[in-house]
Amino acid sequence: MTATSAPPQTAHRSAVEPGTPAARRRRPRLPFSMWHVLLAPLALLFAVPLIWLLLSSVMSNAEINRFPPALWPSGIDLGGYRYVLGNAMFPRWLLNSAIVSAVAVASNLLFGALGGYAFARMRFAGSRALLVLMLATMAIPFQLTMIPTFLVMKRLGLIDTLGALIVPSLVTPFAVFLLRQFFLSLPRELEEAAWIDGCSRLRVLFRIVLPLSRPALSTVSVLTFLSTWNDLTWPLIAINHDTQYTLQLGLTTFQGQHHTRWSAVMAGNVITVLPVLLAFLGAQKAFIRSITSSGLKG
């Protein structure tokens, strides 16, 4: 009985079959994700207004007013920046905006953390109803509360002062709600261990909960800074004297009824946008972590 030899392996069997680990290892890997092919044009589309603003800020008034409009400056003209920075009131407007934004951010972090922790961990009579009522105020447009807020500020004697801009922004329902949602995602065991060691509620909040809530705190800081820094409607109503103007309100003085210095307007807007961009770029990772951890995902 003769032994039969095994049939020789064919070429297609000896080749690496697709789908095997060896084939996956041999596939060339792209240095970027395929999603970037779709997202890069969208990002460029959203960046077009910012790029146009930057280019317009180094154009002369004649180039900006030319028809058809110039898409690229013929040369770098810094006359708009010199006009803005040479304005005697511009540093005062910048300081006013910085004061209002800094106080609003600090107060929203403090009061938002206190309110959010109370709604997240404490149970008291009417807590759910109060939470729903607070969230319902977010659906009320500012146009409906504008006159009552003005009357309250007038009774307090704060009209035409920075206090009229600070007091209505001391705490927002969104800050309380966002921090509450983040606090709910934290394990209770950490707080219970601190209570056993004799810590009070406030000490647990400031020593344990808040250090773990840096993503949510960063998100509240960025959004509060963005809303107060860019606010124009309320300062336009509450402020009359130019020494109390914020930066956004001060830029409107560059636009006259018969003549507008568009180069100065564009340069001033570039200077105004820079702090917002830096704040967002510095906290974008914490912003994404907070949104994904607080149950606010779309």
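Reader: Why does leucine 38 count as partly exposed?

Author: Its relative accessibility is 48%, and partly exposed is the range between buried (under 20% relative accessible area) and exposed (over 50%), with a 1.4 Å probe and protein chains only. So 48% puts leucine 38 in the middle class. Leucine 38 belongs to helix α3 (residues 35-57); helices (H or I, at least four residues) and strands (E, at least two) are DSSP runs, numbered from the N terminus. Keep in mind that this is a predicted model: local features need pLDDT of at least 70, side-chain atom pairs count only at pLDDT 80 or more, and totals for chains, interfaces and linings use all residues. Residues are numbered from 1 along each chain as its sequence is written, and side-chain values use heavy atoms, leaving out hydrogens and water.

Reader: What makes the nonpolar surface patch?

Author: Leu38 joins Trp35, Leu39, Leu42, Leu45 and Phe46 in a patch of about 710 Å². Patch residues have over 30% relative accessible area and no salt bridge; nonpolar side chains (Val, Leu, Ile, Met, Phe, Trp, Tyr) are joined within 5 Å, like charges within 9 Å.

Reader: How do you know that arginine 121 and glutamate 191 meet in a salt bridge?

Author: Their N to O distance is 2.8 Å, and the rule asks for a side-chain nitrogen of Lys or Arg within 4 Å of a carboxyl oxygen of Asp or Glu. Hence the pair passes, at 2.8 Å. Arginine 121 in helix α6 (residues 90-121) and glutamate 191 in helix α11 (residues 188-196) are 70 residues apart, so this links distant parts of the chain. Both residues are buried, and the structure holds one salt bridge.

Reader: Why is the space lined by Leu186, Pro187, Leu190, Glu191, Ile208, Val209 and Leu212 called a cavity?

Author: On a 1 Å grid over the protein atoms alone, a cavity is a set of points where a 1.4 Å probe fits but cannot get out, whereas a pocket is an open set with protein on both sides within 12 Å along at least five of seven lines; lining residues have an atom within 4 Å of a point. The search finds one cavity of 30 Å³ or more, with a volume of about 30 Å³. Helix α12 gives the most to its lining, three residues.

Reader: Which residues are closest to the centre of the largest pocket?

Author: The largest pocket holds about 850 Å³ of space. Closest to its centre, of 30 lining residues, are Phe142, Pro168, Ser169, Thr172 and Pro173. Helix α13 supplies the largest share of the lining, six residues.

Technical notes:
Areas by Shrake-Rupley, 256 points an atom, 1.4 Å probe, with all protein chains shown as cover. Points joined across faces, edges and corners; volume = space filled by probe spheres on them.
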